[in-house]
Amino acid sequence: KNDSTLFAIGSHNKKRPSNLVLGRLFDHQILDMAELGVVKYKGLKDYRGAPKKRVGSKPMMCFIGDVWHLDEDMKKLQNLLLDLFRGDPVSKLALIGLDHCICVTAASDGIIRLRTYYCKLKKNPNGLRTPVPFLTSSGPDMDFTVRRSEYATVDVYKAARRQPKAAKAKKVKNKSTNLFGETIGRLHLEKQNIDKMGGKRVKALRIAGKVAKEEEDAAIEEELQREGAELGKEFKATMGYTEEDMA
């Protein structure tokens, strides 16, 4: 009924017990699909008291085993799992938000083991700025095998990965959008000389300028009189008489 690009269906019957189907859609059609047989499962209830990840946090994905890059079907399964666990795409991540890790191990016996760990960043004992992660099993954990798979052809996969031009955001110089969707622009102007800029001078500013000039002249006159008095005292102390006595 609903249009969703990713789906997961769980079922159980006599022919295929503990069955899990993961798949993706493209253009309202099945793009690729993998049928997994769950061998062992441990949920969150089996890890009572263990720390759990925050809601909405993104996992760190770790794929262990050479088969992930040697086998083409396993490469496609890896891509499907990454698409399933990645969540909403973001451009930046806070280091404190990396609180859990999902490790997927492909063993030689054909069983794929998925383990979830809570990650706590602690201070580096060597004094480095990069923190050291400590992992604690938090669940859910699952062991499964690949029963059947149907992946897209090369042409269909290329078409699904093609990004339409309308979805590509055109980069405009000196223009950006903030978190609230508001457009912010930046203008570059030449350096302005405020001293040479002409403007209307109101009467209050003219009076203030005249009063400031009078106060400045009075201060200068007072300073000159003070210096003259000091020079007169020095002259009398040296010569024994003042210039007025000479007159």
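Buried means under 20% relative accessible area, exposed means over 50%, and partly exposed lies in between, with a 1.4 Å probe and protein chains only. Asn124 is buried by that rule, at a relative accessible area of 11%.

This is a predicted model, in which local features need pLDDT of at least 70 and side-chain atom pairs count only at pLDDT 80 or more, while totals for chains, interfaces and linings use all residues. Residues are numbered from 1 along each chain as its sequence is written, and side-chain values use heavy atoms, with hydrogens and water left out.

**Overview**

The protein has five helices and 10 strands. Helices (H or I, at least four residues) and strands (E, at least two) are DSSP runs, numbered from the N terminus. Of its 247 residues, 19% count as buried. The protein exposes about 20100 Å², and carbon and sulfur atoms supply 55% of that area. Accessible areas come from the Shrake-Rupley method with a 1.4 Å probe; for residues, only the protein chains shown count as cover. Contact means heavy atoms within 4.5 Å. Among contacts between residues at least 6 apart in sequence, 55% join residues at least 24 apart.

**Nonpolar core**

A nonpolar core is a set of buried Ala, Val, Leu, Ile, Met, Phe, Trp, Tyr and Cys residues joined through side-chain atoms within 4.5 Å. The largest one holds 18 residues. Trp68, Leu77, Leu81, Val104 and Ile112 touch the most other members. Two or more residues each come from β2 (19-26), β3 (29-42), α2 (72-85), β5 (100-106), β6 (112-122) and β8 (141-150). The largest share, four residues, comes from α2.

Trp68 has a long contact list once residues up to four places away in sequence are left out. Its partners include Leu77, Leu81, Val104 and Ile112. Lys75, Gln78 and Thr105 are also among them.

**Asn124**

Asn124 lies in the loop between β6 and β7 (132-137). Its side chain reaches the backbone nitrogen of Asn126 at 2.9 Å. A polar contact is a pair of N or O atoms within 3.5 Å; within protein, one must be able to donate a hydrogen and the other to accept it, and residues adjacent in sequence count only if both atoms are side-chain atoms. Asn124 also touches Thr130 and Val132, not counting residues up to four places away in sequence.

**Cysteines**

A disulfide is a pair of cysteine sulfur atoms within 2.5 Å. The structure holds zero disulfides. Two free cysteines are tabulated here.

| Cysteine | Nearest cysteine sulfur | Distance | Relative accessible area |
|---|---|---|---|
| Cys62 | Cys103 | 4.5 Å | 31%, partly exposed |
| Cys119 | Cys101 | 7.1 Å | 4%, buried |

**Backbone geometry**

Most residues other than glycine have a negative phi, and most peptide bonds are trans. His28 has a positive phi of about 60° although it is not a glycine. His28 sits in the loop between β2 and β3 and is exposed, at 63% relative accessibility. Asn174 also has a positive phi of about 60° and is not a glycine. Asn174 is in the loop between α3 (154-161) and β9 (175-177). At 34% relative accessibility, Asn174 is partly exposed. The peptide bond from Gly139 to Pro140 is cis, with omega near 0°. Pro140 belongs to the loop between β7 and β8.
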